[in-house]
Amino acid sequence: MRVAFLIERRNYYRQFGPIVDRALERGWQTECWHDWSHPRTGLKGSEFPASPPTFRHGRPRIRTYQGAAALPGLVAEALPDVVISLRQAVAREKRGRLRWFGIQYTLDVADLLGGSGETTCDGIGLHTQYWQDRTADCLRIKAYNRSRAQGAKEEPVDGAAIAETLRRRAMLVGIPEMDQCHWIEPEAVRARLGIEPDRPVVLYIPFPFMSNPRTFWVRHVYGSPSALWARAAVALARRSEYRSHVARRWSDRNVVHAVRAFCDRHGAALIVKGRAKDPVPGYLARIADRVLYDEAYYPATILELLKISTLCLHFFSTVAYEAAYAGVPSICIAPAGDDLGLPALWQEWFLNLDVGGSFNFPGVVYARRLGEFLDGFASARPADYPLDPVARAQYVERFIGFDDGKSSDRVLDAIQSLVERGTQR
């Protein structure tokens, strides 16, 4: 079996790394194709796929290409049986008997098919039935975002056609990234970071100031350097609806202080996990015990940190899925969606606090509105946020799929079956 993984960014190895390793272990001819057309410097330069990570079962062949225009030539030269990608193929990339297998990563399932249900993927690996049922909604979010960015009319989404395409092409595989959790050694991670073996760890995922819409509230209330600054900004802009926020000191700095106070009260290390596109603010870095960015994607830094954590805090982050898989309860700190500038479509079914949703699943993900969090977290106890094994099993089944460390095998089994039987259209 000849397989090629399309590595358009370095962080693709977080999802693909376990699959590459299992393909190597099976003795498949495995290649990783690195797109070298991207910037090597600046914020985006951190994702340039310069070299592969170290794998447990060998080394794939690495080929490079210069952007989408060069990819068809590489396909013709390498002649793989299957290309594995996080997107569907575009014009001229797929030819002859080549199969194209798309793998979902949460809402980016919308990159695997179009709004009318058309796809160039011969197979699509989805997380769970929940995500299969929500794929049309993911496409609606993509269509909305594109129309806003381009100032164009929003493209229609045919839910029935999408459901039919997925009925024929999709299979439930889980989230291959999570397979890494089964061989990460917590003791080795603690030793490398200098964290005592028995010390609790609180993992904090900072508010994404650069990624979030830059609303008035984000810039001048929550992100304000002081209450005086916030009061002046609110008065000058005549945004009286935010006077109570300023009076109650609803700010990122006060969230950070509450987290530090919780850690000090319980002897916990505060580890902050940032991203290159969302730099950790200085006031947070100064009081954290460790600040890490994405040092690696295989094994993934975020999963290594979760494997040593007692509790994780985030702001509507899909880290909630990774934490649940790793057996770590998490708290979703939840400012109001309108204050965050979240479109109604995003809040309708995904970024909300509906009970049983991704970010409010008692026993796994604890939802705390901003005021509630600031009023009580500094004096809370770790026991206030237990992980319920039954709730975790339900959460995994609904959003992640499997917790047996075999999602990569499901992908490879699906690919082998696809090649052996030919494409069913």
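**Exercise 1.** R239 has a relative accessible area of 27%; work out its exposure class and describe its salt bridge with E241.

*Solution.* Step 1: R239 counts as partly exposed (buried is under 20%, exposed over 50%, partly exposed in between; 1.4 Å probe, protein chains only). Step 2: E241, at 41%, is partly exposed too. Step 3: their side chains meet in a salt bridge, 2.7 Å from N to O (a Lys or Arg side-chain nitrogen within 4 Å of an Asp or Glu carboxyl oxygen).

The model is predicted: local features need pLDDT of at least 70, side-chain atom pairs count only at pLDDT 80 or more, and totals for chains, interfaces and linings use all residues. Residues are numbered from 1 along each chain as its sequence is written, and side-chain values use heavy atoms, leaving out hydrogens and water.

**Exercise 2.** Find which parts the salt bridge between R63 and E77 ties together.

*Solution.* Step 1: the closest N and O atoms of R63 and E77 are 3.2 Å apart. Step 2: R63 sits in strand β3 and E77 in helix α3, so the pair links parts 14 residues apart in sequence (DSSP runs: helices H or I, at least four residues; strands E, at least two; numbered from the N terminus). Step 3: R63 is buried at 11%, whereas E77 is exposed at 56%.

**Exercise 3.** Now try the salt bridge between D403 and R392.

*Solution.* Step 1: here the closest N and O atoms are 3.0 Å apart. Step 2: D403 lies in the loop between α17 and α18 and R392 in helix α17, so parts 11 residues apart in sequence are tied together. Step 3: D403 is partly exposed at 37%, while R392 is buried at 15%.
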